[in-house]
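Please open the model in your viewer and keep the selection panel at hand. The stops below go from one residue to its helix, then to the sheet, the cores and the loops.

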Amino acid sequence: MTMMRELTLIGIRMESPNRAPVMMLRETEGYRYLPISIGSVEATAIAYEEQGLRPSRPLTHDLMRDLVQAFGVHIEAVEIVELRDAVFYAELVLANGARVSARPSDSVALAVRLGTPIRCTEEVLREAGIATPEEEQAELERFREFLDSVAPEDFSS
């Protein structure tokens, strides 16, 4: 059985020089961070939900949430299960035991809407996680302050 670690979404940051969005996840019990490059549409969807913004019409992830709820499907967890050729793979774990393949960005955008736990295999964290020494915590606090000040419009092109 694969060892899974629970993660928390820290937020989205813009990575220089091309200002590509990066989704930052962190172990809930540990010091590793998992940065995953994502598209601007998914970054906007995650940022909207984090900031409690409601567009006049549902975004794709809102539609997915509404369909999941309308059909009475329960998503137990989102799991980031593999890193192959610099591409992350995730699965939605359904209450009936079914697993649905999905991109991590879509999975997390749905998870934040449903309050679903986010997990990652220990293997992926070992390969792509970034351990952060305690002396770097101040820098991370500045990053959190930046996240509090960023607006979803910053992600649109």
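Select Ser-107 and display its surroundings: leaving aside neighbours within four places in sequence, Ser-107 is in contact with Val-78, Ala-90, Leu-92 and Ala-102. The model is a predicted one, and in it Ser-107 has a relative accessibility of 1%, which places it among the buried residues because the cut-off for buried is under 20%. A polar atom of the Ser-107 side chain lies 2.9 Å from the backbone oxygen of Arg-103. If you add Pro-21 to the selection, the C-alpha to C-alpha distance to Ser-107 is 16 Å, for a separation of 86 residues in sequence.

Extend the selection to helix H3, in which Ser-107 lies. Of the 11 residues of H3 (residues 104-114), 9 are buried, so the helix is largely enclosed by the rest of the structure. The buried residues of H3 include Pro-104, Asp-106, Val-108, Leu-110 and Arg-113. Following H3 comes Gly-115, with a positive phi near 70°.

Next, colour the strands. In which order do the 8 strands of the open sheet stand? The order is E6-E5-E4-E7-E1-E2-E3-E8, and the pairing is mixed. At the edges stand strand E6 (99-102) and strand E8 (130-131), each with a single partner strand, so that one side of each has no neighbour in the sheet.

Strand E7 (residues 118-121) is a convenient place to see both kinds of pairing. With strand E1 (residues 4-15) it runs antiparallel, joined by 4 bridges, and Met-4 has Thr-121 in E7 as its bridge partner. With strand E4 (residues 75-84), E7 pairs in the parallel sense over 3 bridges, and here Glu-79 has Arg-119 in E7 as its bridge partner. Moving on from E4 to strand E5 (residues 87-94), you will find antiparallel pairing over 8 bridges, with Leu-83 opposite Phe-88 in E5. Helix H1 (residues 40-51) packs on the sheet, where it touches E1 and strand E2 (20-27), and its direction makes about 105° with that of E1.

Now hide the cartoon and show the nonpolar side chains. The largest nonpolar core has 32 residues, and Met-23, Leu-34 and Ile-80 are those with the most contacts inside it. Apart from that core lies another, of 7 residues, among them Val-22, Leu-140, Phe-143 and Leu-147. Centre the view on Leu-34: beyond its neighbours within four places in sequence, its contacts include Leu-7, Met-23, Ile-80, Phe-88, Cys-120, Val-124 and Ala-128.

From there, select Glu-122, which is found in helix H4 (residues 122-128). Glu-122 counts as buried, at 16% relative accessibility, and outside its neighbours within four places in sequence it is in contact with Met-3, Arg-5 and Arg-32.

The last stops are two loop residues, chosen for their backbone angles. Most residues other than glycine have a negative phi. Arg-19, although not a glycine, has a positive phi of about 55°; this residue lies in the loop between E1 and E2 and is partly exposed, with a relative accessible area of 47%. Asp-85, also not a glycine, has a positive phi of about 55° and lies in the loop between E4 and E5. Is Asp-85 buried or exposed? With a relative accessible area of 73%, Asp-85 is exposed.

Definitions and conventions:
Residues are numbered from 1 along each chain as its sequence is written. This is a predicted model: local features need pLDDT of at least 70, side-chain atom pairs count only at pLDDT 80 or more; totals for chains, interfaces and linings use all residues. Side-chain values use heavy atoms; hydrogens and water are left out. Buried means under 20% relative accessible area, exposed over 50%, partly exposed in between (1.4 Å probe, protein chains only). Helices (H or I, at least four residues) and strands (E, at least two) are DSSP runs, numbered from the N terminus. A nonpolar core is a set of buried Ala, Val, Leu, Ile, Met, Phe, Trp, Tyr and Cys residues joined through side-chain atoms within 4.5 Å. Contact means heavy atoms within 4.5 Å. A polar contact is a pair of N or O atoms within 3.5 Å; within protein, one must be able to donate a hydrogen and the other to accept it, and residues adjacent in sequence count only if both atoms are side-chain atoms. Two strands pair if DSSP finds at least two bridges between them. Axes are lines fitted to C-alpha atoms, for helices over the stretch in contact, and angles run from 0 to 180 degrees between N-to-C directions.
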